[in-house]
Amino acid sequence: MTNPRILGTGIAEGLLLKPVTYPWALDLYNQAVANTWFPHEVQLGEDLADFARLTDEERHAVTHLMSYFNPNELLVNKALAFGVYPYVNAAECHLYLAKQMWEEANHCMAFEYVLETFPIDRKAAYASHITVPSMAAKEEFEVKFIRRMTEQTLDINTVEGKRDFVRNLVAYNVILEGIWFYSGFMVALSFRQRNLLRNFASLIDWIVRDESLHLNFGINLILTVLEENPEVASDEFAEEIRSMVLDAVEMEEAYNRDLLPNGILGLNADYINQYVKYLADRRLEELGFEPEYGVTNPAKWMATANDTLQLVNFFESINTSYEVDARSSH
Ligand SMILES: [Fe+2]
Ligand SMILES: [Fe+2]
(Lines give C-alpha, C1' and ligand atoms only; values in the text may rest on other atoms or scores of the structure.)
(Ligands and ions follow the chains in the order given, each with its own letter.)
Protein backbone atom coordinates (compact mmCIF):
# COMPACT_ATOMS: atom_id res chain seq x y z
CA MET A 1 0.00 0.00 0.00
CA THR A 2 3.01 2.24 0.32
CA ASN A 3 2.87 4.63 -2.53
CA PRO A 4 3.81 7.89 -0.80
CA ARG A 5 2.30 10.85 -2.49
CA ILE A 6 1.24 13.44 0.01
CA LEU A 7 4.88 14.17 0.90
CA GLY A 8 7.34 15.44 -1.68
CA THR A 9 9.31 18.46 -2.78
CA GLY A 10 8.91 18.38 -6.54
CA ILE A 11 8.24 21.91 -7.77
CA ALA A 12 6.64 20.67 -10.97
CA GLU A 13 4.39 18.23 -9.12
CA GLY A 14 1.03 19.03 -7.60
CA LEU A 15 0.20 21.68 -10.17
CA LEU A 16 -3.07 20.12 -11.30
CA LEU A 17 -5.94 19.80 -8.86
CA LYS A 18 -7.99 17.04 -10.51
CA PRO A 19 -8.30 14.20 -9.90
CA VAL A 20 -8.26 15.00 -6.19
CA THR A 21 -6.39 12.38 -4.17
CA TYR A 22 -7.26 13.72 -0.69
CA PRO A 23 -10.92 14.83 -0.76
CA TRP A 24 -10.77 15.80 2.94
CA ALA A 25 -8.27 18.55 2.06
CA LEU A 26 -10.44 20.04 -0.67
CA ASP A 27 -13.49 19.75 1.56
CA LEU A 28 -11.67 21.66 4.31
CA TYR A 29 -10.61 24.30 1.81
CA ASN A 30 -14.23 24.81 0.74
CA GLN A 31 -15.36 25.00 4.37
CA ALA A 32 -12.60 27.49 5.15
CA VAL A 33 -13.59 29.74 2.26
CA ALA A 34 -17.24 29.58 3.36
CA ASN A 35 -16.09 30.67 6.86
CA THR A 36 -14.33 33.85 5.66
CA TRP A 37 -14.82 36.81 8.03
CA PHE A 38 -13.24 40.19 8.79
CA PRO A 39 -12.45 41.59 12.26
CA HIS A 40 -14.27 44.90 11.78
CA GLU A 41 -17.58 43.11 11.22
CA VAL A 42 -17.63 43.12 15.04
CA GLN A 43 -18.17 46.38 16.91
CA LEU A 44 -15.54 45.86 19.54
CA GLY A 45 -15.96 49.39 20.88
CA GLU A 46 -19.27 48.26 22.41
CA ASP A 47 -17.25 46.16 24.87
CA LEU A 48 -15.31 49.16 26.24
CA ALA A 49 -17.73 49.74 29.11
CA ASP A 50 -17.38 46.09 30.13
CA PHE A 51 -13.61 46.30 29.93
CA ALA A 52 -13.64 49.32 32.23
CA ARG A 53 -15.62 47.30 34.80
CA LEU A 54 -13.18 44.37 34.85
CA THR A 55 -11.05 43.82 37.92
CA ASP A 56 -7.27 44.20 37.66
CA GLU A 57 -6.91 40.42 37.60
CA GLU A 58 -9.45 40.13 34.76
CA ARG A 59 -7.72 42.85 32.75
CA HIS A 60 -4.41 41.08 33.38
CA ALA A 61 -5.93 37.88 32.00
CA VAL A 62 -7.14 39.58 28.79
CA THR A 63 -3.77 41.31 28.32
CA HIS A 64 -1.90 38.06 29.00
CA LEU A 65 -3.98 36.30 26.35
CA MET A 66 -3.19 39.01 23.79
CA SER A 67 0.51 38.75 24.69
CA TYR A 68 0.41 35.06 23.94
CA PHE A 69 -1.87 35.01 20.91
CA ASN A 70 -0.32 37.84 18.89
CA PRO A 71 3.16 36.45 18.24
CA ASN A 72 1.95 32.87 18.16
CA GLU A 73 -0.55 33.38 15.35
CA LEU A 74 2.38 34.47 13.21
CA LEU A 75 4.59 31.70 14.52
CA VAL A 76 2.06 29.19 13.15
CA ASN A 77 2.53 30.74 9.72
CA LYS A 78 6.29 30.30 9.97
CA ALA A 79 5.74 26.65 10.84
CA LEU A 80 3.46 26.22 7.82
CA ALA A 81 5.77 28.13 5.47
CA PHE A 82 9.01 26.45 6.54
CA GLY A 83 7.84 23.13 7.87
CA VAL A 84 4.68 22.03 6.08
CA TYR A 85 4.04 23.65 2.69
CA PRO A 86 7.48 22.86 1.17
CA TYR A 87 7.15 19.15 1.92
CA VAL A 88 3.60 18.55 0.72
CA ASN A 89 2.91 17.87 -2.95
CA ALA A 90 -0.86 17.51 -3.23
CA ALA A 91 -2.48 20.56 -4.86
CA GLU A 92 -5.56 20.31 -2.62
CA CYS A 93 -3.29 20.53 0.45
CA HIS A 94 -1.57 23.61 -0.94
CA LEU A 95 -4.95 25.26 -1.52
CA TYR A 96 -5.91 24.63 2.09
CA LEU A 97 -2.57 25.78 3.52
CA ALA A 98 -2.76 29.02 1.52
CA LYS A 99 -6.19 29.75 3.05
CA GLN A 100 -4.99 28.79 6.52
CA MET A 101 -2.07 31.18 6.27
CA TRP A 102 -4.42 34.02 5.38
CA GLU A 103 -6.59 33.05 8.34
CA GLU A 104 -3.62 33.23 10.73
CA ALA A 105 -2.86 36.69 9.31
CA ASN A 106 -6.52 37.60 9.86
CA HIS A 107 -6.34 36.34 13.47
CA CYS A 108 -3.26 38.50 14.02
CA MET A 109 -5.21 41.49 12.73
CA ALA A 110 -8.21 40.61 14.92
CA PHE A 111 -5.97 40.67 18.00
CA GLU A 112 -4.43 43.95 16.81
CA TYR A 113 -8.00 45.31 16.66
CA VAL A 114 -8.41 44.25 20.30
CA LEU A 115 -5.14 45.96 21.26
CA GLU A 116 -6.09 49.19 19.51
CA THR A 117 -9.65 49.24 20.92
CA PHE A 118 -9.14 48.24 24.56
CA PRO A 119 -6.86 50.34 26.78
CA ILE A 120 -4.05 47.80 26.73
CA ASP A 121 -0.42 48.93 26.62
CA ARG A 122 0.70 47.32 23.36
CA LYS A 123 4.39 47.64 24.20
CA ALA A 124 3.96 45.85 27.51
CA ALA A 125 1.67 43.24 25.93
CA TYR A 126 4.22 42.61 23.17
CA ALA A 127 7.08 42.22 25.66
CA SER A 128 5.53 39.41 27.70
CA HIS A 129 6.22 36.57 25.28
CA ILE A 130 9.90 37.18 26.05
CA THR A 131 9.80 38.41 29.66
CA VAL A 132 7.25 36.00 31.21
CA PRO A 133 9.16 32.72 31.61
CA SER A 134 6.11 30.42 31.34
CA MET A 135 5.11 32.11 28.06
CA ALA A 136 8.66 32.17 26.71
CA ALA A 137 9.01 28.44 27.48
CA LYS A 138 6.02 27.61 25.29
CA GLU A 139 7.44 29.66 22.44
CA GLU A 140 10.89 28.12 22.74
CA PHE A 141 9.34 24.65 22.66
CA GLU A 142 7.71 25.53 19.34
CA VAL A 143 10.63 27.41 17.79
CA LYS A 144 12.99 24.48 18.23
CA PHE A 145 10.82 22.44 15.86
CA ILE A 146 11.01 25.08 13.15
CA ARG A 147 14.78 25.33 13.66
CA ARG A 148 15.05 21.60 13.02
CA MET A 149 13.57 22.27 9.61
CA THR A 150 15.35 25.49 8.68
CA GLU A 151 18.77 25.28 10.29
CA GLN A 152 19.35 21.57 9.86
CA THR A 153 18.97 19.56 6.71
CA LEU A 154 15.60 17.91 6.41
CA ASP A 155 15.45 15.25 3.74
CA ILE A 156 11.80 14.33 3.48
CA ASN A 157 12.76 11.14 1.64
CA THR A 158 14.34 9.68 4.78
CA VAL A 159 12.54 8.16 7.73
CA GLU A 160 14.07 10.72 10.08
CA GLY A 161 13.05 13.56 7.75
CA LYS A 162 9.48 12.30 7.76
CA ARG A 163 9.59 12.07 11.53
CA ASP A 164 10.72 15.70 11.73
CA PHE A 165 7.78 16.64 9.53
CA VAL A 166 5.40 14.83 11.91
CA ARG A 167 7.09 16.31 15.00
CA ASN A 168 6.57 19.80 13.61
CA LEU A 169 2.89 19.10 12.89
CA VAL A 170 2.36 17.72 16.37
CA ALA A 171 4.06 20.77 17.88
CA TYR A 172 2.03 23.29 15.86
CA ASN A 173 -1.26 21.72 14.89
CA VAL A 174 -1.89 19.44 17.82
CA ILE A 175 -0.20 21.23 20.72
CA LEU A 176 -0.15 24.92 19.87
CA GLU A 177 -3.40 25.15 17.91
CA GLY A 178 -5.22 22.16 19.38
CA ILE A 179 -4.41 22.49 23.09
CA TRP A 180 -2.74 25.80 24.00
CA PHE A 181 -4.93 28.02 21.83
CA TYR A 182 -8.07 26.28 23.05
CA SER A 183 -7.10 26.85 26.64
CA GLY A 184 -6.84 30.58 25.85
CA PHE A 185 -10.08 30.61 23.85
CA MET A 186 -11.91 29.11 26.81
CA VAL A 187 -10.65 31.85 29.13
CA ALA A 188 -11.51 34.53 26.57
CA LEU A 189 -15.03 33.13 26.07
CA SER A 190 -15.61 32.73 29.81
CA PHE A 191 -16.30 36.46 30.06
CA ARG A 192 -19.36 36.03 27.85
CA GLN A 193 -20.63 33.39 30.27
CA ARG A 194 -20.92 36.32 32.69
CA ASN A 195 -22.45 38.56 30.01
CA LEU A 196 -19.19 40.50 29.53
CA LEU A 197 -17.11 41.25 26.41
CA ARG A 198 -19.69 39.78 24.05
CA ASN A 199 -18.24 41.33 20.89
CA PHE A 200 -14.74 40.18 21.85
CA ALA A 201 -16.28 36.72 22.24
CA SER A 202 -17.72 36.90 18.72
CA LEU A 203 -14.22 37.46 17.35
CA ILE A 204 -13.00 34.49 19.36
CA ASP A 205 -15.92 32.36 18.05
CA TRP A 206 -14.81 33.01 14.50
CA ILE A 207 -11.20 32.25 15.36
CA VAL A 208 -12.24 29.01 17.07
CA ARG A 209 -14.21 28.05 13.96
CA ASP A 210 -11.07 28.54 11.84
CA GLU A 211 -8.81 26.79 14.32
CA SER A 212 -11.04 23.73 14.41
CA LEU A 213 -10.45 23.33 10.67
CA HIS A 214 -6.69 23.91 11.11
CA LEU A 215 -6.60 21.12 13.64
CA ASN A 216 -8.77 18.88 11.48
CA PHE A 217 -6.38 19.41 8.54
CA GLY A 218 -3.29 18.82 10.67
CA ILE A 219 -4.58 15.58 12.18
CA ASN A 220 -5.64 14.30 8.75
CA LEU A 221 -2.21 15.19 7.38
CA ILE A 222 -0.39 13.41 10.21
CA LEU A 223 -2.54 10.30 9.88
CA THR A 224 -2.11 10.25 6.09
CA VAL A 225 1.68 10.55 6.37
CA LEU A 226 1.74 7.71 8.90
CA GLU A 227 -0.53 5.56 6.74
CA GLU A 228 1.54 6.12 3.59
CA ASN A 229 4.87 5.73 5.41
CA PRO A 230 4.39 2.92 7.95
CA GLU A 231 8.14 2.83 8.66
CA VAL A 232 7.81 6.19 10.45
CA ALA A 233 5.70 4.95 13.34
CA SER A 234 8.07 2.94 15.55
CA ASP A 235 7.19 2.33 19.22
CA GLU A 236 9.97 4.71 20.20
CA PHE A 237 8.62 7.45 17.93
CA ALA A 238 5.09 6.95 19.23
CA GLU A 239 6.39 7.33 22.78
CA GLU A 240 8.23 10.51 21.80
CA ILE A 241 5.04 12.02 20.32
CA ARG A 242 3.02 11.08 23.37
CA SER A 243 5.68 12.68 25.62
CA MET A 244 5.52 15.88 23.59
CA VAL A 245 1.81 16.17 24.38
CA LEU A 246 2.35 15.45 28.09
CA ASP A 247 5.20 18.01 28.28
CA ALA A 248 2.90 20.53 26.59
CA VAL A 249 0.31 20.03 29.34
CA GLU A 250 2.94 20.76 32.01
CA MET A 251 4.04 23.93 30.24
CA GLU A 252 0.44 25.04 29.94
CA GLU A 253 -0.16 24.45 33.65
CA ALA A 254 2.69 26.81 34.54
CA TYR A 255 1.47 29.37 32.02
CA ASN A 256 -2.07 29.29 33.39
CA ARG A 257 -0.82 29.89 36.93
CA ASP A 258 0.71 33.15 35.62
CA LEU A 259 -2.42 33.90 33.63
CA LEU A 260 -4.69 33.71 36.67
CA PRO A 261 -2.58 33.86 39.84
CA ASN A 262 -5.62 34.44 42.05
CA GLY A 263 -8.53 33.35 39.88
CA ILE A 264 -11.53 35.30 38.65
CA LEU A 265 -15.23 34.68 39.07
CA GLY A 266 -15.91 31.04 38.22
CA LEU A 267 -12.45 30.44 36.82
CA ASN A 268 -9.03 29.66 38.23
CA ALA A 269 -5.85 27.96 37.03
CA ASP A 270 -7.00 24.52 38.27
CA TYR A 271 -10.22 24.79 36.27
CA ILE A 272 -8.35 25.83 33.12
CA ASN A 273 -5.78 23.09 33.62
CA GLN A 274 -8.47 20.44 33.93
CA TYR A 275 -9.78 21.68 30.59
CA VAL A 276 -6.22 21.47 29.20
CA LYS A 277 -5.98 17.83 30.33
CA TYR A 278 -9.39 17.08 28.85
CA LEU A 279 -8.23 18.59 25.54
CA ALA A 280 -4.92 16.71 25.65
CA ASP A 281 -6.80 13.42 26.06
CA ARG A 282 -8.95 14.20 23.02
CA ARG A 283 -5.86 15.05 20.96
CA LEU A 284 -4.11 11.84 22.13
CA GLU A 285 -7.15 9.81 21.06
CA GLU A 286 -7.27 11.52 17.67
CA LEU A 287 -3.64 10.46 17.18
CA GLY A 288 -4.50 6.89 18.13
CA PHE A 289 -3.21 6.89 21.72
CA GLU A 290 -4.98 6.00 24.95
CA PRO A 291 -6.01 9.05 26.98
CA GLU A 292 -3.66 10.00 29.82
CA TYR A 293 -5.69 12.00 32.33
CA GLY A 294 -9.26 10.70 32.22
CA VAL A 295 -10.74 13.99 33.46
CA THR A 296 -14.15 15.36 32.54
CA ASN A 297 -14.60 18.61 30.64
CA PRO A 298 -15.07 21.31 33.31
CA ALA A 299 -16.09 23.83 30.65
CA LYS A 300 -18.96 22.01 28.97
CA TRP A 301 -20.32 25.37 27.91
CA MET A 302 -17.36 25.59 25.51
CA ALA A 303 -18.94 22.80 23.49
CA THR A 304 -22.18 24.78 23.51
CA ALA A 305 -20.36 27.85 22.24
CA ASN A 306 -19.08 25.65 19.44
CA ASP A 307 -22.49 24.12 18.76
CA THR A 308 -23.72 27.26 17.12
CA LEU A 309 -20.78 26.99 14.74
CA GLN A 310 -21.39 23.30 14.09
CA LEU A 311 -18.00 22.28 15.40
CA VAL A 312 -19.18 19.69 17.83
CA ASN A 313 -18.47 16.68 15.70
CA PHE A 314 -14.78 17.25 15.70
CA PHE A 315 -14.11 18.56 19.16
CA GLU A 316 -16.77 17.50 21.53
CA SER A 317 -18.32 14.29 20.43
CA ILE A 318 -20.13 13.49 23.64
CA ASN A 319 -23.46 14.50 25.12
CA THR A 320 -24.29 17.72 23.40
CA SER A 321 -27.73 17.95 24.95
CA TYR A 322 -26.25 17.55 28.40
CA GLU A 323 -23.87 20.43 27.67
CA VAL A 324 -26.73 22.67 26.62
CA ASP A 325 -28.29 21.98 30.02
CA ALA A 326 -24.99 22.78 31.72
CA ARG A 327 -24.86 26.14 30.03
CA SER A 328 -28.41 27.14 30.92
CA SER A 329 -27.55 26.67 34.59
CA HIS A 330 -24.91 29.42 34.41
FE1 LIG B 1 -4.93 31.29 14.33
FE1 LIG C 1 -4.50 28.13 13.36
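## Exercises on an all-helix predicted model

At 0% relative accessibility, E252 counts as buried (buried is under 20% relative accessible area, exposed over 50%, partly exposed in between, with a 1.4 Å probe and protein chains only). This is a predicted model, in which local features need pLDDT of at least 70, side-chain atom pairs count only at pLDDT 80 or more, and totals for chains, interfaces and linings use all residues. Residues are numbered from 1 along each chain as its sequence is written, chains are lettered from A and ligands numbered from 1 in the order in which they are written, and side-chain values use heavy atoms, with hydrogens and water left out.

**Exercise 1.** Place E252 in the fold and list what it touches.

*Solution.* Start with the helix: E252 belongs to α9, which covers residues 235–259. Helices here are DSSP runs of H or I with at least four residues, strands are runs of E with at least two, and both are numbered from the N terminus. Next, look for contacts, meaning heavy atoms within 4.5 Å. Leaving out residues up to four places away in sequence, E252 touches K138, W180, S183, N273 and V276. Finally, pick P23, 229 residues from E252 along the chain: the two C-alpha atoms are 34 Å apart.

**Exercise 2.** Do the same for S128, and decide whether S128 is buried or exposed.

*Solution.* First, find S128 in helix α5, residues 122–131. Then check its relative accessible area, which is 13%, so S128 is buried. Beyond its neighbours within four places in sequence, S128 is in contact with S67 and M135.

**Exercise 3.** Describe the overall architecture, and explain why the protein is as compact as a globular protein of its length.

*Solution.* Begin by counting elements: the protein has 13 helices and 0 strands. Its radius of gyration is 20 Å, close to the 20 Å that the globule rule gives for 330 residues, so the protein is as compact as a globular protein of that length. The radius is taken over C-alpha atoms, and the rule is 2.2 Å times the number of residues to the power 0.38. Now add the box: along the principal axes, the C-alpha atoms fill roughly 60 × 45 × 40 Å. Of the 330 residues, 58% count as buried. Last, turn to contacts between residues at least 6 apart in sequence: 80% of them join residues at least 24 apart.

**Exercise 4.** How many disulfides does the structure hold?

*Solution.* Search for cysteine sulfur pairs within 2.5 Å, the criterion for a disulfide. The structure holds 0. Then check two cysteines for burial: C93 has a relative accessible area of 0% and is buried, and C108, at 11%, is buried too.
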